[in-house]
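User: I would like to go through this model by question and answer. Please keep it brisk and give the cut-offs.

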Amino acid sequence: MKKVNVVILSGSCCNPSLANVDDKIQTRVKELAEKSELEVNISVVSISAAAFGGVAGVSKEVDESIRRLIANKGMSVLPVVIFNGKVAFYGGLASAVLIEEKLRGCICG
């Protein structure tokens with residue numbers, strides 16, 4: 001079974017209402033991964049922790065691109081969801097179609 005490492009870069013430390021969005025993302029990703037016969041390892045990292053220590057498993061380039069994204073668009077881009085070290089989507093709960101597409105990319109990529 002192919003594994004996908006998922007990191008949710010969360011803003012719930014600053015805006016507690018985003019915790020609900022994080023939960024919905026986790027649920028949807030788990031359901032769609034199971035449907036695609038993928039094993040997922042999901043971790044949630046607060047933006048505060050990431051600001052000081054970076055995001056584990058993410059390249060320096062991806063980390064920098066996330067920082068630029070936040071600098072340009074603000075905190076509205078949170079949560080940022082990363083599949084296997086690459087940004088899959090950001091700014092809320094993605095559609096099932098988009099998540100399936102990104103998961104398929106993990107299978108083929």
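User: What radius of gyration does the chain have, set against a compact globule with 109 residues?
Analyst: The model is predicted, so local features need pLDDT of at least 70, side-chain atom pairs count only at pLDDT 80 or more, and totals for chains, interfaces and linings use all residues. Residues are numbered from 1 along each chain as its sequence is written, and side-chain values use heavy atoms, with hydrogens and water left out. The radius is taken over C-alpha atoms, and the globule rule is 2.2 Å times the number of residues to the power 0.38. That rule gives a value near 13 Å for 109 residues, and the chain agrees with it at 13 Å.

User: Which pattern does the chain follow along the sequence?
Analyst: Helices (H or I, at least four residues) and strands (E, at least two) are DSSP runs, numbered from the N terminus. The chain has four helices and four strands. Read in order, the pattern is β-α-β-α-α-β-β-α.

User: What percentage of contacts between residues at least 6 apart join residues at least 24 apart?
Analyst: A contact means heavy atoms within 4.5 Å. Take the contacts between residues at least 6 apart in sequence; the share that joins residues at least 24 apart is 64%.

User: What share of the exposed area do carbon and sulfur atoms supply?
Analyst: Areas come from the Shrake-Rupley method with a 1.4 Å probe; for residues, only the protein chains shown count as cover. The chain exposes about 6200 Å². Carbon and sulfur supply 51%.

User: How many bridges join S3 to S4?
Analyst: Two strands pair if DSSP finds at least two bridges between them. S3 covers residues 80–83 and S4 covers residues 86–90, running antiparallel. Valine 80 stands opposite tyrosine 90. The two strands form a hairpin with two residues between them, and the number of bridges is four.

User: Which residue in the turn of that hairpin has a positive phi?
Analyst: Most residues other than glycine have a negative phi, and most peptide bonds are trans. The residue asked for lies in the loop between S3 and S4. Its phi is near 45 degrees, and it is not a glycine: asparagine 84.

User: Where is glutamate 37, which also has a positive phi?
Analyst: Phi of glutamate 37 is about 60 degrees, although this residue is not a glycine. Glutamate 37 is exposed (over 50% relative accessible area; buried means under 20%, partly exposed in between; 1.4 Å probe, protein chains only), at 60%. Its place is the loop between H1 and S2.

User: Which peptide bond is cis, with omega near 0 degrees?
Analyst: Look in the loop between H3 and S3, where proline 79 sits. The cis bond runs from leucine 78 to proline 79.

User: How many salt bridges does the whole structure hold?
Analyst: Side chains of opposite charge can pair when their charged atoms come close. The test is a side-chain nitrogen of Lys or Arg within 4 Å of a carboxyl oxygen of Asp or Glu. The search of the whole structure finds three.

User: What is the closest N to O distance between lysine 3 and glutamate 39?
Analyst: Lysine 3 is in S1 (residues 2–10) and glutamate 39 in S2 (residues 38–46), 36 residues apart. Lysine 3 is exposed at 55%. Glutamate 39 is partly exposed at 36%. Their closest N and O atoms are 3.9 Å apart.

User: Which residue forms a salt bridge with lysine 35?
Analyst: The N to O distance is 3.0 Å. Lysine 35 lies in H1 (residues 18–35) and its partner in H4 (residues 96–108), so the pair ties together parts 65 residues apart in sequence. Lysine 35 is exposed at 61%. The partner is buried at 18%: glutamate 100.

User: Which helix holds both aspartate 63 and arginine 67?
Analyst: This pair also forms a salt bridge, with the closest N and O atoms 3.0 Å apart. Aspartate 63 is buried at 16%, and arginine 67 is partly exposed at 39%. They lie four residues apart, about one turn, in helix H3.

User: Why is cysteine 14 in no disulfide with cysteine 13?
Analyst: A disulfide requires a pair of cysteine sulfur atoms within 2.5 Å. The structure holds zero disulfides. The sulfur of cysteine 14 is too far for a bond because the closest cysteine sulfur, in cysteine 13, is away by 3.7 Å.
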